[in-house]
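The following exercises ask the reader to work from a structure to reasoned statements about it. Each task is followed by a solution in steps.

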Amino acid sequence: MENQIKIESISLVNFKGLKNQTINFSKDQTNIFGANGTGKTTIFDAFTWLLFGKDSSDRKDFEVKHLDSNNKKTDNAEIEVSAGLWVNGTQIEVKRILKENWVKKRGSLEPEFKGNETVYYWDNVPMQQKEFLSKITALLDESVFKLITNPLAFNSLKWQDKRNVLIEITGELTNEALAGSNPDYLELVAKLTNGKSLEDYRKQINASIKKSKDDLKDIPTRVDEVLRSKPESKDFEAIRSQINSKNEELRSVDLKIQNKSAAFDAELDKNSQKKLHARTLRDDIDAIERNAKSVAKDKVKPDDSTLMLMQNTLDSKTGELVAAQNGIKTLEAKKATIQNDIAQVVLKIEGKRKEWETENAKELSFDDSSFCCPTCKRAFEESDVEVKKEQMIAQFKSNKQAALNNITSQGQALANEKTNLETELRALISRAENGNNLITKLESDIAKAKTDIQAETEKHSNAAEMPSEESVYESLLSNNSLYIDKKIELKKVEESIVEIPAVDINDLKTERNQIISEIDALKNELQVETQIKAVDSRVNTLRDEESKLAQYIADVEKEQFVIENFNKLRIDRLEGEINSKFTFVKFKLFETQINGGEVECCEALINGVPFSDANTASKINAGLDIINTLCDYYKVSAPIFIDNRESIVDVISTESQIVNLIVSKDDKKLRVA
């Protein structure tokens, strides 16, 4: 054993129900007698609280303080547990003290409870909690301590946690080690990739077999359904021959329709050429007439271009005048706004000047109440008063200078703002002067333009009378020989255009549609052949699938057999390895289900009887057997506390120190033997 821990003595002060108790222990076995409620379990609780701050049931929040007959705590009572220990033959002393922290505030009559404080000692040397726990952990891990000091602790764990501890003790049994040189097992292990366990793969195989068998069972029904949809066979060659014959009849009818349509199209084309020529002549005639109208209009129209130019000039100048006048109005409004802003800024500057003078005139005065305690009103010492005055003067000067600097900064910003506004005002005044000059010039130009227009208008009213536009137009057309020739030619062409009656091919179209309908009916009959081939192909596919499924099921059932054998080997090997570590107790690590599958579990067996069904003596001895194995694995031992020891005749041997807690109704106080 790397660490063999035994208790030499343990002392309790105000711990739970024991006000002052000291127990001396034998190195091998100590018997503690007492009636129910006398504090036997409290000894175990005190030992676990001393080391880990928990009771023997692993509870951190439990009542450690001594309670009086009225179930009330005794205030200001320190709780102390100390123990002398043998660690590998060396004596050490460990102590934990829980104190109540009571604080009396100034001016208060009664102290107030501010919580608990824990003090730790190691060989009478005080230390911090972290250092204390570090030393405890160096001796014995807390989780291991719980398992090796209480015979019932291991079997109170969840089955998963118990299994993990057992596998840790024996070492993980890998699939590769189990497979050995068996080729079937090696092939199986090679398939367990990407974290897939043997159980996962077994479930996958089982699901695959079930699905495949269901699919195989379903195939005959599916074949029967497909065959029921198979139509009766026909003479498909004869049908194809009829289709060819009908196609020949269709080509003959199409040729007749084509010949009749060609003759009609030739006559229609001639008529279309004449209509096109007539349209061209009309376009030429319309062009000559439009040109004559334009020429006639120009000849009778007076020349008013000069007058229009003058009017355009007047309109332009008038528009410029309106824009200039609107601009002057906008500038005047901006000037008024800026002048008002300047006046406001001047007022603000004057206000800042007065604010600076007021702040600069401030002086510091002292109030006697400033140098008294705010609670008891007692005056401060003279030396403290001088120091406080110096601090107040320095603070006053600092605050005053900061305020003056801030006012100066604000005044400078206002002065800059006033300068910028004045600059902008001067620019607006200059722009307004330029605008007024422009308005004067535009008004002069408009007056001159109106005089020129009046003179030009009077000149046009005195011009000679012009011929009418219609008489000029008629004269131009009557003297145009090309226009007269095209009018004559158009009349001749229009007289040569005649309406051509449409060709009648309705009978041929009816015959053609009938033939097409008959061909479609024959092709529909031919589709039966395709349906028959599709049914035969589907049946062959289903038969092939049936054969493949049967072979697949056989192959997978073989693999399933390998998995079952491999799993049985793993179960036997793992249980054998684990059970070889124990003498009194055996463990069942797998449970066989109704379907033959194995599921993980962890149940202790005592002569084949489950731990939960065994008697108290068997449970204790099973626990001691487990503790012996754990101590051997972890290389550590600690005192084992056996509760209700009076119900057990014999216990198996162990290297650990034994503390028997024995119920004795005659012992009203604890007795150690």
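**Exercise 1.** Determine whether Leu152 is buried, partly exposed or exposed, and describe its surroundings in this predicted model.

*Solution.*
Step 1. The relative accessible area of Leu152 is 39%. Buried requires under 20% and exposed requires over 50%, so Leu152 is partly exposed.
Step 2. Leu152 belongs to the loop that lies between helix H3 (142–149) and helix H4 (159–170).
Step 3. With neighbours within four places in sequence set aside, the contacts of Leu152 are Phe611, Lys619 and Ile620.
Step 4. Lys558 is 406 residues from Leu152 in sequence, and their C-alpha atoms are 45 Å apart in space.

**Exercise 2.** Establish the burial state of Leu166 and list its contacts.

*Solution.*
Step 1. Leu166 is located in helix H4.
Step 2. A relative accessible area of 1% falls under the 20% limit, so Leu166 is buried.
Step 3. Beyond four places in sequence, Leu166 contacts Phe154, Ile578, Phe582, Phe587, Leu589 and Cys602.
Step 4. Leu574 is 408 residues away from Leu166 along the chain, yet the two C-alpha atoms are separated by 9.9 Å.

**Exercise 3.** Characterise the nonpolar cores.

*Solution.*
Step 1. The largest nonpolar core comprises 88 residues. Within it, the residues with the most contacts are Ile10, Phe15, Ile43, Leu140, Ile148 and Phe587.
Step 2. Helix H1 (residues 40–52) is the greatest contributor to this core, giving eight residues.
Step 3. Take Leu140 as an example: apart from neighbours within four places in sequence, it is in contact with Ile5, Phe52, Phe145, Ile148, Val636 and Ala638.
Step 4. There is also a second, separate core of 19 residues, and among its members are Ala324, Ile338, Ile342 and Ala449.
Step 5. Such grouping may be set beside a general tendency: in soluble globular proteins, nonpolar side chains tend to be buried together.

**Exercise 4.** Compare the expected and actual spans of helix H9, and identify its buried residues.

*Solution.*
Step 1. Helix H9 covers residues 305–360, which gives 56 residues.
Step 2. At 1.5 Å a residue the expected span is 82 Å, and the end C-alpha atoms are 82 Å apart, so the two values agree.
Step 3. The buried residues of H9 are Leu314, Leu321, Ala324, Ile328, Leu331, Lys335, Ile338, Ile342, Val345, Ile349, Lys352 and Glu359.
Step 4. The spacing of such a list can be read against the helical repeat: an α-helix has 3.6 residues a turn, so residues three or four places apart point the same way.

**Exercise 5.** Analyse the span, the kink and the covering of helix H7.

*Solution.*
Step 1. H7 (residues 198–228) has 31 residues, which should span 45 Å at 1.5 Å a residue; its end C-alpha atoms are 45 Å apart, in agreement.
Step 2. H7 has a kink of about 35 degrees at Ile219, shortly before the proline Pro220.
Step 3. Buried positions in H7 are Leu198, Tyr201, Arg202, Ile205, Ile209, Ser212, Ile219, Val223 and Val226.
Step 4. Helix H6 (183–190) and helix H13 (506–579) are included in what covers these buried residues.

**Exercise 6.** How are H6 and H13 oriented relative to each other?

*Solution.*
Step 1. Their axes are 10 Å apart and meet at an angle of about 95 degrees.
Step 2. Angles of 65 to 115 degrees count as roughly perpendicular, so H6 is roughly perpendicular to H13.
Step 3. H6 makes the contact through Asp184, Tyr185, Leu188 and Val189, and H13 through Val562, Ile563, Asn565, Phe566 and Leu569.

**Exercise 7.** Is Lys95 buried or exposed, and which residues does it touch?

*Solution.*
Step 1. Lys95 sits in strand E5 (residues 90–103).
Step 2. Its relative accessibility is 17%, so Lys95 counts as buried.
Step 3. Not counting residues up to four places away in sequence, Lys95 touches Leu50, Glu80, Val81, Ser82, Val119, Tyr120, Tyr121 and Phe132.

**Exercise 8.** Which backbone feature do Lys16 and Asn88 show, and where do they lie?

*Solution.*
Step 1. Lys16 is not a glycine, but its phi is positive, at about 50 degrees. Asn88, also a residue other than glycine, has a positive phi near 55 degrees.
Step 2. Lys16 is in the loop between strand E1 (3–15) and strand E2 (18–24), whereas Asn88 is in the loop between strand E4 (79–87) and E5.
Step 3. With 39% relative accessibility, Asn88 counts as partly exposed.

Note on methods: Residues numbered from 1 in each chain as written. Predicted model: local features only at pLDDT ≥ 70, side-chain atom pairs only at ≥ 80, totals over all residues. Heavy atoms only, no water. Helix = DSSP H or I, 4+ residues; strand = E, 2+ residues; numbered from the N terminus. Buried < 20%, exposed > 50% of the residue type's maximum accessible area, 1.4 Å probe, protein only. Contact = heavy atoms within 4.5 Å. Expected span 1.5 Å × (residues − 1). Bend = angle between axes of the 7 residues up to and from the residue. Core = buried A, V, L, I, M, F, W, Y, C linked by side-chain atoms within 4.5 Å. Axes fitted to C-alpha atoms, helices over the stretch in contact; angles between N-to-C directions. Parallel < 35°, antiparallel > 145°, perpendicular 65-115°, else oblique.
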